[in-house]
Amino acid sequence: NKELEATSAGRYDWRENDRSYFVGFWSAYLEYHFAVPKWTVAVSQEKKVAHAPVADFKNRFPLMVVLSFWVVLFLTLTEIRRRLVPLRKLTDATRQIARRDFATRIKISSGDEIEELAGSFNNMAETLGRQFDTLEAVAEIDRALLSLTDIGEIVKSALLELQRILTPRVSAIILLAENDDESGTTYILSPGEDTLREVTLGRSAHSELGALSGRPDAALAEL
């Protein structure tokens with residue numbers, strides 16, 4: 001009561017029946033307007049009740065920490081696995097390329113740099129495949145030149161290798177006469193056929209070569 005009379009507002013501790021309370025009070029001065037003594041409003045709350053949220057938080061906090069740790073660990077492992085799976089695909093594809101399996105392709109849809117890397121890898125595999133096919137075709141043609149004596153078989157072997165690496169609609173080889181630039185023979189082989197067609201050049205062989213080299217869909221190699 002002394003504390004209530006000494007000030008108009010404040011708080012203090014109060015004990016009753018082995019219970020502790022927080023007490024807050026505020027005085028309303030009514031004498032000037034209503035000619036009555038001041039009214040003091042006091043509110044009390046047991047300390048155990050006031051501290052209950054803090055005690056509850058202390059009990060729950062360790063559980064929240066453990067749960068957060070496992071959630072973070074799970075998300076971390078998931079992200080690492082998501083990153084490692086494309087890298088594992090790239091590693092396996094690299095081993096396939098090392099075994100000269102240039103048909104290997106990687107499909108990755110991650111939407112990031114790894115997807116771009118996979119696209120570059122596929123382009124590299126395609127380029128290497130074409131280059132090795134070309135080298136093998138040239139080597140096969142060289143073997144045919146060294147092992148075969150029939151000009152028709154040599155030309156046929158060369159055309160089959162050209163079809164394998166270029167997949168043209170029609171492939172042909174023009175052989176010029178040894179001592180006559182004005183004549184020669186064209187050997188033609190269509191895909192799926194096994195018989196060569198021979199066409200003797202009736203006009204200048206160089207004119208035939210010039211006409212062929214002017215076509216955008218023709219590949220001309222001079223040997």
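Select F61 first. At 42% relative accessibility, F61 counts as partly exposed. The model you have open is a predicted one. Now colour helix α4, which spans residues 52-98; F61 sits in this helix.

Keep F61 on screen and add F57, M64 and V65. Together these four make a nonpolar patch on the surface. Their combined accessible area is about 390 Å². In soluble globular proteins, nonpolar side chains tend to be buried together.

**Two rings**

Next, select F69 and W70. How many aromatic pairs does the model hold? The count comes to three. F69 and W70 form an aromatic pair with edge-to-face geometry. The ring centres are 5.5 Å apart, and the planes of F69 and W70 meet at 75°. Are these two buried or exposed? F69 has 51% relative accessibility, so it counts as exposed, the cut-off being over 50%. W70 is exposed too, with a relative accessible area of 52%.

**Two loops**

Move to N17. Which strands flank it? N17 lies in the loop between β1 (9-16) and β2 (19-28). Check its backbone: phi of N17 is near 55°, a positive value in a residue other than glycine. Most residues other than glycine have a negative phi. N17 is exposed, with a relative accessible area of 67%.

Now jump to R100. This residue is found in the loop between α4 and α5, the latter covering 113-147. Its phi is also worth checking: for R100 the value is near 65°, positive in a residue other than glycine. R100 has 56% relative accessibility and counts as exposed.

**Into the core**

Select L90, A93, I97, F102, I106, I108, I114, A118, F121 and A125. These ten residues make up the largest nonpolar core. Helices α4 and α5 each supply at least two residues of this core. Which element gives the most? The answer is α5, with four residues.

Zoom in on A125, one of the core residues. What does A125 touch, leaving aside neighbours within four places in sequence? A125 is in contact with I97, F102, T104 and R105. Two of these contacts, I97 and F102, belong to the largest core as well.

For the last stop, select V155, L159, Y187 and L189. They are among the eight residues of another core, which lies apart from the largest one.

How values were computed:
Residues are numbered from 1 along each chain as its sequence is written. This is a predicted model: local features need pLDDT of at least 70, side-chain atom pairs count only at pLDDT 80 or more; totals for chains, interfaces and linings use all residues. Side-chain values use heavy atoms; hydrogens and water are left out. Rings of Phe, Tyr and Trp (its six-membered ring) pair if their centres lie within 6.5 Å; planes under 30 degrees apart count as stacked, over 60 as edge-to-face and the rest as tilted. Buried means under 20% relative accessible area, exposed over 50%, partly exposed in between (1.4 Å probe, protein chains only). Patches are made of residues with over 30% relative accessible area and no salt bridge: like charges are joined within 9 Å, nonpolar side chains (Val, Leu, Ile, Met, Phe, Trp, Tyr) within 5 Å. Accessible areas come from the Shrake-Rupley method with a 1.4 Å probe; for residues, only the protein chains shown count as cover. A salt bridge is a side-chain nitrogen of Lys or Arg within 4 Å of a carboxyl oxygen of Asp or Glu. A nonpolar core is a set of buried Ala, Val, Leu, Ile, Met, Phe, Trp, Tyr and Cys residues joined through side-chain atoms within 4.5 Å. Contact means heavy atoms within 4.5 Å.
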